[in-house]
Amino acid sequence: MGEGFTDTPERGGHGRVGHVPVLLKEAIDFLAIRRGGTYIDATVGLGGHSYEIAKRLGAPGHLIGLDKDPAALEIARPRLTPSAEEESDWPRVTLEHRSFAELANDQPPLTVDGLLADLGVSSLQLDNAARGFSFQAEGPLDMRMNPLSGETAEQVVNQVDEVTLANLIYEFGEERRSRRIARAIVRSRPIRTTAQLADVVSAAARPMNQAERRIHPATRTFQALRIFVNRELDDLRDLLKAAPQLLKPGGRLVVISFHSLEDRIVKDALREGVKQGHYRLLTKKPVTASEEEIDRNPRSRSAKLRSAERVQ
């Protein structure tokens, strides 16, 4: 579920208006879609990337879309249902409510021509205060991409001990003031809402220089909690470990990340895959959004795309 969705309208089949995902053209180009092939959109989100893949696959093809968030799948489903004009040459589309980390466990093993993962959190989640992802509007401290299961951010904030809380804020948020923030959180318990947490963190982590004033003081702490609650980095590692076995020879892997922790994991995994003879790198350096795209969608500024091809 990618962070880069914008509210710029894009028209798909049925005349429907959706969201334009970040690095759309670049992702489709690197996938080099084979007509009639089998492709996985591991983070289908609102269906922006999936729709463009489906258009190119044609009727013999199969598109498999995964997402942890059932609300996203319900929005994507009509977008990925063909119009009368599209129906005769539309691929089979399978949407599944599950994490991409589970792909390694499929029996029989699935093999595909391409795999796309657009990581992070989407505007569907960020802009809904009830989901608890953002400090910009008051809501419950939830942060689960799958709201049907798992531990909430509220449980973490109010139940985890101070040392563990400081460590996860430092590790997943790269926040240098993690100990001070954790101490303030523990002293302020119970904390029930995003606004309460943002206020506590902001008071404990006041900007120390001009560069730090560019982002909200709570940004890194919220990122850390979200990553921890959703096991984002562990799931990403599981996906990347499974990818060489999932891809057919010549199959393409495309990953779009939105912060340094994700990008480092992707970069290291692809380099290791090259050493082991699994991949040919297609991006020596990450592909980033153009100035035009950044102007249209500021969230795309942090996006980095890396890609590799499965060798024979």
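In the predicted model, Tyr51 is placed in helix α2, which spans residues 48-57. Tyr51 has a relative accessible area of 4% and is therefore buried, the cut-off for that class being under 20%. Leu73 follows 22 residues further along the chain, and the C-alpha atoms of Tyr51 and Leu73 are separated by 13 Å.

The burial of Tyr51 is shared by other residues of helix α2, since the buried set comprises Gly48, His49, Ser50, Tyr51, Glu52, Ile53, Ala54 and Leu57. Because eight of the 10 residues of α2 are buried, this helix is largely enclosed by the rest of the structure. Just after α2, the backbone at Gly58 takes a positive phi of about 80°.

Considered as a whole, the protein contains 12 helices and nine strands. For a chain of 312 residues, a compact globule would have a radius of gyration near 20 Å, and the value computed for the protein, 20 Å, agrees with that expectation. Along the principal axes, the C-alpha atoms fill a box of roughly 60 × 45 × 40 Å. Buried residues account for 56% of the 312 residues, and the accessible surface comes to about 14100 Å², with 48% of that area belonging to carbon and sulfur atoms. When contacts between residues at least 6 apart in sequence are considered, 73% of them join residues at least 24 apart.

The nonpolar interior was examined next. In soluble globular proteins, nonpolar side chains tend to be buried together. The largest nonpolar core of the protein holds 58 residues, and the members that touch the most other members are Leu115, Leu165, Ile185, Leu197 and Leu253. Helix α10, covering residues 232-246, gives the most to this core, contributing seven residues. A second core, separate from the largest one, consists of 28 residues, among them Ile28, Leu31, Tyr39 and Phe258.

The surroundings of Leu165 illustrate the packing around one of the residues named for the largest core. With neighbours within four places in sequence left aside, Leu165 is in contact with Val156, Val157 and Val160, with Ala182, Ile185 and Arg189, and with Leu225. Ile185 thus appears both as a contact of Leu165 and among the residues that touch the most other members of the largest core.

With respect to charge, the protein carries 45 positive and 44 negative side chains, and the centres of these two sets lie 5 Å apart.

Notes: Residues are numbered from 1 along each chain as its sequence is written. This is a predicted model: local features need pLDDT of at least 70, side-chain atom pairs count only at pLDDT 80 or more; totals for chains, interfaces and linings use all residues. Side-chain values use heavy atoms; hydrogens and water are left out. Helices (H or I, at least four residues) and strands (E, at least two) are DSSP runs, numbered from the N terminus. The radius of gyration is taken over C-alpha atoms; the globule rule is 2.2 Å times the number of residues to the power 0.38. Buried means under 20% relative accessible area, exposed over 50%, partly exposed in between (1.4 Å probe, protein chains only). Contact means heavy atoms within 4.5 Å. Accessible areas come from the Shrake-Rupley method with a 1.4 Å probe; for residues, only the protein chains shown count as cover. Lys and Arg count as positive and Asp and Glu as negative; His and the chain ends are not counted. The place of a charge is taken as NZ of Lys, CZ of Arg, CG of Asp or CD of Glu. A nonpolar core is a set of buried Ala, Val, Leu, Ile, Met, Phe, Trp, Tyr and Cys residues joined through side-chain atoms within 4.5 Å.
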